[in-house]
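Let's walk through a protein model together, one question at a time. Have a look at it first.

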Amino acid sequence: MATRLARKLPSSLSAFSSSPITKLTSGISPPSMSHGGPGLRCASSSSSSSTTTTGSNSSSSKREKKITDRLSAVIDAVNDRKLPPELRGQRNNVRSETDIINIVEQRIWHSMEEGQFENLAGKGKPLNLNTNPHADPAEDTLYRILSKNGCAPEWVELNKEIRNKVSEWRVALKKAWISKCNGNDEEKWIERCESLKKQLRDINDKVFRYNLIVPFGRQMFGLKWEKEVARLEE
């Protein structure tokens, strides 16, 4: 009897192993029952790391904002000190430099009314123009050396040359215009116009060079043929 059962057991076991339930459950390991298993540990570590990252980002942003606010306060204080006392604390109300100029003009008028310009040192005496306190010391020294030797900066000499050329050119243009109005040959007027236009281009080239080397604020305009002729027609 026992021998028969033993012979039948392997076949029953092989049938059980090939059953669908066995195939489905094969490869599935039982979950760990220990406290704080792998799944719980992974979730807890990810949540703690995200919390740490968020906290560090917020603290760094707060620190940067604090530094930016301090720098802005320092810049505002410096800019405020540049204003006249009448406008300090009202920097947002200053729309342009005109507001500051108005304050300066008011101070000058108040000083004049109070007579603060009446007893100035050197009143009634010629000004000493040998030195320029507002110029760069090196440039001021160079200009004084040039002045003592009867020379002038290049832009000063070029300015004189341009003004002389313009004066001579306008005289020549006026003569040609009068000759044309008196009924002289039209061809001579055309020839003179071509010559005068060439001279005008040469003058404008000198003006262009002058504007490149002259100190800021001393630039001049070139000549325009149409504008010069319109002046004669008037």
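Here come some questions and answers about how this model is put together.

This is a predicted model, where local features need pLDDT of at least 70, side-chain atom pairs count only at pLDDT 80 or more, and totals for chains, interfaces and linings use all residues. Residues are numbered from 1 along each chain as its sequence is written, and side-chain values use heavy atoms, with hydrogens and water left out.

Q: How many helices and strands does the protein have?
A: Helices (H or I, at least four residues) and strands (E, at least two) are DSSP runs, numbered from the N terminus. Reading along the sequence gives the pattern α-α-α-α-α-α-α-α. So the count is 8 helices and 0 strands.

Q: What angle do the axes of α6 and α7 cross at?
A: Axes are lines fitted to C-alpha atoms, for helices over the stretch in contact, and angles run from 0 to 180 degrees between N-to-C directions. Helix α7 covers residues 186-213, and its axis comes within 10 Å of that of α6, at a crossing of roughly 165°. Angles under 35 degrees count as roughly parallel, over 145 as roughly antiparallel, 65 to 115 as roughly perpendicular and the rest as oblique. That makes α6 and α7 roughly antiparallel, with the angle at roughly 165°.

Q: Is α6 parallel or oblique to α8?
A: Helix α6 (residues 154-181) and helix α8 (residues 225-233) have axes 11 Å apart and pack at an angle of about 55°. That angle falls outside the named ranges, so the two helices are oblique.

Q: Which residues of α6 meet α8?
A: Contact means heavy atoms within 4.5 Å. On the α8 side, the partners are Trp 225, Glu 228, Val 229, Arg 231, Leu 232 and Glu 233. By class, this contact has 6 nonpolar, no polar and 5 charged residues (nonpolar: Ala, Val, Leu, Ile, Met, Phe, Trp, Tyr, Cys and Pro; charged: Asp, Glu, Lys and Arg; polar: the others, Gly among them). On the α6 side, the residues are Trp 169, Arg 170, Leu 173, Lys 174 and Trp 177.

Q: Is Ile 162 buried or exposed?
A: Buried means under 20% relative accessible area, exposed over 50%, and partly exposed in between (1.4 Å probe, protein chains only). Ile 162 sits in helix α6 and touches Lys 206, Val 207, Tyr 210 and Met 220, leaving aside residues up to four places away in sequence. Its relative accessibility is 2%, so Ile 162 is buried.

Q: Where is Leu 223, and which residues does Leu 223 touch?
A: Leu 223 belongs to the loop between α7 and α8. With 11% relative accessibility, Leu 223 counts as buried. Not counting residues up to four places away in sequence, Leu 223 touches Val 166, Trp 169, Arg 170, Leu 200, Ile 203, Asn 204 and Glu 228.

Q: How many disulfides does the structure hold?
A: A disulfide is a pair of cysteine sulfur atoms within 2.5 Å. Cys 181 is exposed at 52% relative accessibility, while Cys 193 is buried at 9%. The number of disulfides in the structure is 0.

Q: What share of the residues of the protein count as buried?
A: Ile 178 in helix α6 is not in that group, because at 42% relative accessibility Ile 178 counts as partly exposed. Of the 234 residues of the protein, the buried share is 15%.
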